[in-house]
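Hi,

Here is the structure I promised to pass on. Have a look, and my notes follow underneath.

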Amino acid sequence: MEWGMANRLARLIPSDGRCLFMPIDHGYFQGPTRMLEQPGKTLEPIMPYADGVFVTRGVLRSCIDPSGAKPIILRVSGGTSMVGADLANEGITTDIDEVIRLNASAMGLSVFIGTSYEKDSLLNLSRLVNEGEKYGIPVMAVTAVGREMEKRDARYLALACRITAELGARIVKTYWCEGFERVVKGCPVPVVMAGGPQTETEMQVFQFVHDGIQKGAIGVNLGRNIWQNEHPVAMIKAIRAIIHDDATPEKAQQIYDATKKESGKGR
Ligand code: 5RP
């Protein structure tokens with residue numbers, strides 16, 4: 001691997017080989033998502049515990065102070081919305097020149113396998129990889145399921161992850177599922193897990209993150225279950241311990257409870 005590519009990946013993935021990416025890109029198709037109405041405010045207390053931030057250029061420029069920011073994964077796909085005809089019909093929104101100008105450590109784009117726009121999104125990925133490889137900028141492929149959350153089974157996710165790796169993604173973002181080892185084993189590049197909509201309890205998140213890490217994921221790109229939680233700092237510290245310190249779900253719960261107690265009432 002060339003130095004520039006290796007250096008960018010090393011900025012995002014610390015030397016233990018694990019990572020906690022903080023996605024705050026949801027507004028690019030959802031608008032002002034709950035608790036992300038003011039992305040800068042949401043990010044401020046949790047950013048110290050993240051290894052990278054997944055964000056669009058608009059929010060990056062307007063809400064994140066360039067001095068002291070964490071490494072950036074720039075969300076470069078979009079063009080659709082929750083109220084539009086089809087979430088899968090995305091294009092590439094950001095030129096490579098701007099990705100370089102913004103000093104991004106990586107680019108992220110969604111693919112929609114099994115939809116009418118499968119081919120378009122996979123060719124978008126291929127084009128992005130072609131551009132990124134010229135400049136040593138890695139691409140994180142996001143295996144999107146749109147509104148069809150039931151698609152999150154091992155067979156579908158293994159297929160989707162493998163295809164994006166074959167097309168050149170350097171990291172793949174997917175969902176945890178039953179039989180997650182099948183997803184990781186079939187994917188020759190590192191896998192990170194998204195969180196999806198907020199779960200009923202914190203323990204559910206600790207359990208799936210722990211299970212996914214045990215089965216070979218290198219970390220998470222997990223947003224709503226952190227910043228929609230009443231105690232986002234407690235939540236990110238607990239998840240960070242699972243990722244970087246091999247904490248059990250029970251230990252993570254203790255960290256969550258202790259941090260919550262220290263900080264008093266939530267926001
Ligand atoms: C939104 C995304 C998010 O980055 C991804 O889904 C992770 O966030 P969450 O944990 O909230 O699901 O790609 O388009």
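First, a bit of bookkeeping: Ala, Val, Leu, Ile, Met, Phe, Trp, Tyr, Cys and Pro count as nonpolar, Asp, Glu, Lys and Arg as charged, and the others, Gly among them, as polar. On that basis, the shell around the ligand splits into five nonpolar, six polar and two charged residues. In this shell, 13 residues surround the ligand (C-beta atom, placed from the backbone, within 6 Å of it), and P23, A194, G195, G223 and R224 are the closest.

Keep in mind that this is a predicted model, where local features need pLDDT of at least 70 and side-chain atom pairs count only at pLDDT 80 or more, while totals for chains, interfaces and linings use all residues. Numbering starts from 1 along each chain as its sequence is written.

Now for strand β7, residues 139-143 (strands are DSSP E runs of at least two residues, helices H or I runs of at least four, numbered from the N terminus). Five of its five residues are buried, so β7 is largely enclosed by the rest of the structure. Buried means 20 or more other C-beta atoms, placed from the backbone, within 10 Å of a residue's own. V139, A141 and T143 point one way from β7, and M140 and V142 the other.

As for partners (pairing takes at least two DSSP bridges), β7 runs parallel to β6 (residues 106-111) with five bridges, and V111 sits opposite T143. With β8 (residues 171-175) β7 pairs in the parallel sense over three bridges, and there M140 faces I171.

Cheers

Methods. Buried ≥ 20, exposed ≤ 12 C-beta atoms within 10 Å, placed from the backbone.
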